[in-house]
Amino acid sequence: MYQRKLKEPAPDPLPDVKRSKIIFLLIPAALLLILIFFFLIFNSGKEEKNNPALKTVNVPVTKETLSADIDSVLFTFGISKDWIREVSQKNKTRKSDSLWFSKEVKIPADILNIDLNYELTNYFRSRGVTNRVSEDPKTKNLLFGIFTGNDTARKLTASLKFIYTDSLKRVCSDVCLILDSIEYFPLNDVRYILASAESYSVFLPLRNDKADYQSVITESEKDYLLEFTTGTENDITADFREDMNETSWKAKIKSVAVNFPGIKGVFLKSSSASREFQNTVTEEFIKNNLKVFKDTLFTEFRSSGSRIISLFENIVSGARSGKKHLIYRISLSPEEFKEFENKVYQMKKLGYEFVSFREMIKRSGISK
C-alpha cells in the first residue's frame with residue numbers, strides 16, 4: 001500500500017535569532033570593558049604625573065641631592081637655616097659610621113609633626129627612598145630613619161631628628177581678609193565662596209535689590225560687616241550727612257542693629273564730615289551695641305599680575321617688617337578665590353594663620 005512520505009519539520013529559527021541577539025549584546029559589552037581598561041591605565045599614568053608623591057624617580061639619589069632636597073622641604077615650613085645642623089654620632093657603630101649624614105632640626109611648637117611627616121614622606125617616595133618614623137611620647141620629638149635600596153637590601157642611609165623648642169618663633173603674621181563687592185558676582189559663585197572652609201569675613205551689601213545676597217551671607221557661618229560713610233550736605237552719596245534730620249539718621253542706625261543682629265562690626269569713613277559729627281554717629285552705633293572701626297585698619301597693597309600672588313607677597317613683606325596682624329579689604333572674583341584656596345596652604349605651612357575679623361580683633365586687641 002502506498003504510504004505518503006511525511007515531510008521533516010523545518011529547523012526552528014529561534015536559536016539562530018537568540019544567538020544573534022546574544023552576540024549583538026556581547027560586542028558593546030566587550031568594547032566597554034576595553035575602554036574601561038585603557039581609561040584606568042591612562043588615568044593612573046596621569047595621576048602619577050600630576051602627583052610627585054606617586055612617582056618613582058629612576059635617577060639614583062646622592063648624598064648631596066638628598067641633603068639639599070630635605071632642607072628645601074624644611075624651608076617651606078618657615079624653618080630657618082640656622083635651626084638645621086649636621087651632627088656626628090656619639091656612639092659610632094658600623095651602621096652609624098656608614099650614614100651619609102645625620103641632622104638635628106630645631107622646630108617651633110606650632111609646627112605639627114603630622115604635617116612634617118606627610119611632606120617628607122611624600123618627598124622620599126618621589127625619590128624611591130623609604131623612611132621609618134618614631135616619636136618620643138614625652139617630648140613629641142620625631143626621629144626619621146631614611147633608607148635606600150629595595151625591600152630585600154634596605155640600607156639605613158641618613159637620619160633626621162626634630163626637636164621642639166619653645167623659644168623659636170617663625171617669621172609670620174595673623175591675616176584677616178574681608179571680601180568686598182561679592183554681590184556683583186553670580187549668586188551660585190557666591191554660595192561656593194561662602195561654603196569654603198577657609199577663614200575670612202565679608203562686607204554685607206545693604207541695597208534693597210541685593211536681598212538674596214544678604215540672605216546667603218547672613219545664613220552662612222562667615223563673619224559679616226557693614227560700611228557707612230559720613231559727609232556734609234554736598235556729599236549726596238554719604239549714608240549720614242550733617243544736614244540730615246537727627247531723628248532720621250538715628251532711626252536708620254537702630255534699624256540696622258535690629259535687622260542684622262549678627263554684625264561683627266561697622267566701618268565708618270568720612271570724606272568731609274566734621275570730627276564732631278563723626279563722633280556723634282559713632283556714639284549712636286555704640287549705643288545700639290555695634291562696634292565701630294576706622295578703615296585705617298586696612299593694609300594697602302598694589303597688585304601687579306596675579307592679585308593672589310601680589311597679596312601673598314605683601315603679607316610676607318609685612319611679616320618681615322614686624323607686623324603681626326594684617327587686615328585686608330579685597331575684592332576677589334570667583335576664579336581668584338579658587339586660586340587663593342589652591343595656594344593658601346603654602347602660606348599656612350610657613351606659619352601664617354588666616355582668621356576671621358572677630359578672631360583678629362581678639363588677637364590684636366583692637367578696640368575700635
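This report walks through the main parts of the structure above, from the overall make-up to a few single residues.

## The protein as a whole

Welcome to a predicted model. The protein has 368 residues, and 39% of them count as buried. Its secondary structure comes to eleven helices and 13 strands.

How much of the contact network links residues far apart along the chain? Among contacts with a separation of 6 or more, 67% are between residues 24 or more positions apart. You will meet one such long-range pairing, F124 with I70, further on.

## A five-stranded open sheet

A good place to begin is the open sheet made of five strands, which follow the order β1-β2-β5-β4-β3 with mixed pairing. Why do β1 and β3 each have a side without a neighbour in the sheet? Strands β1 (84-86) and β3 (130-135) stand at the edges and each has a single partner strand, so one side of each is left without a neighbour. On average, neighbouring strands in this sheet are turned by 20 degrees against each other, direction ignored.

Now look inside the sheet, at β4 (residues 142-148) and β5 (residues 155-164). These two strands run antiparallel and are joined by seven bridges. One place to spot the pairing is F144, whose bridge partner in β5 is L160.

## Two helices across the sheet

Helix α2 (residues 63-75) lies across β1, β2 (101-107), β4 and β5. The direction of α2 is at about 10 degrees to that of β2.

Helix α4 (residues 113-126) also has a place here, lying across β2, β3, β4 and β5. Its reference strand is β4, to which α4 runs at about 5 degrees.

## F124, a buried residue of helix α4

To see how this region fits together, follow F124, which sits in helix α4. Is F124 buried or exposed? F124 has a relative accessible area of 0%, and since anything under 20% counts as buried, F124 is buried.

Leaving out residues up to four places away in sequence, F124 touches L66, I70, V129, N131, F144 and I146. F144 has already appeared above as the bridge partner of L160. As for I70, it is 54 residues away from F124 along the chain, yet the C-alpha atoms of the two are separated by 9.1 Å.

## Strand β6 and its partners

Strand β6 (residues 174-179) gives a clear example of an enclosed element. Six of its six residues are buried, so the rest of the structure largely encloses β6. D174, C176 and I178 point one way from the strand, V175, L177 and L179 point the other way, and all are buried.

Which strands pair with β6? Strand β12 (residues 325-330) pairs with β6 in the parallel sense over six bridges, and there R329 is the bridge partner of I178. Strand β13 (residues 353-354) is also parallel to β6, with two bridges; the partner of D174 in β13 is E353. Two bridges join β6 to β7, again running parallel, and in β7 it is S201 that stands opposite I178.

## From β7 to β8

The trail continues from S201. Strand β7 (residues 201-203) pairs with β8 in the parallel sense over three bridges, and the bridge partner of S201 in β8 is D223. Strand β8 is mostly covered, with eight of its nine residues buried.

## The largest pocket

The largest pocket holds about 500 Å³ of space. Its lining is made of 22 residues, and L204, P205, L206, R207 and E227 lie nearest the centre. Both β8 (223-231) and α7 (246-259) supply at least two lining residues each. The largest share, four residues, comes from α7.

## Q214, a neighbour of pocket residues

Q214 belongs to helix α6 (residues 211-219). Q214 is buried, with a relative accessible area of 14%.

Which residues does Q214 touch, not counting those up to four places away in sequence? They are L204, P205, L206, R207 and F260. Of these, L204, P205, L206 and R207 are among the residues nearest the centre of the largest pocket. With R207 there is a further detail to look for: the side chain of Q214 reaches the backbone oxygen of R207 at 3.4 Å.

Definitions and conventions:
Residues are numbered from 1 along each chain as its sequence is written. This is a predicted model: local features need pLDDT of at least 70, side-chain atom pairs count only at pLDDT 80 or more; totals for chains, interfaces and linings use all residues. Side-chain values use heavy atoms; hydrogens and water are left out. Buried means under 20% relative accessible area, exposed over 50%, partly exposed in between (1.4 Å probe, protein chains only). A polar contact is a pair of N or O atoms within 3.5 Å; within protein, one must be able to donate a hydrogen and the other to accept it, and residues adjacent in sequence count only if both atoms are side-chain atoms. Contact means heavy atoms within 4.5 Å. Two strands pair if DSSP finds at least two bridges between them. Axes are lines fitted to C-alpha atoms, for helices over the stretch in contact, and angles run from 0 to 180 degrees between N-to-C directions. On a 1 Å grid over the protein atoms alone, a cavity is a set of points where a 1.4 Å probe fits but cannot get out, and a pocket is an open set with protein on both sides within 12 Å along at least five of seven lines; lining residues have an atom within 4 Å of a point. Grid points are joined across faces, edges and corners, and a volume is the space filled by probe spheres set on the points.
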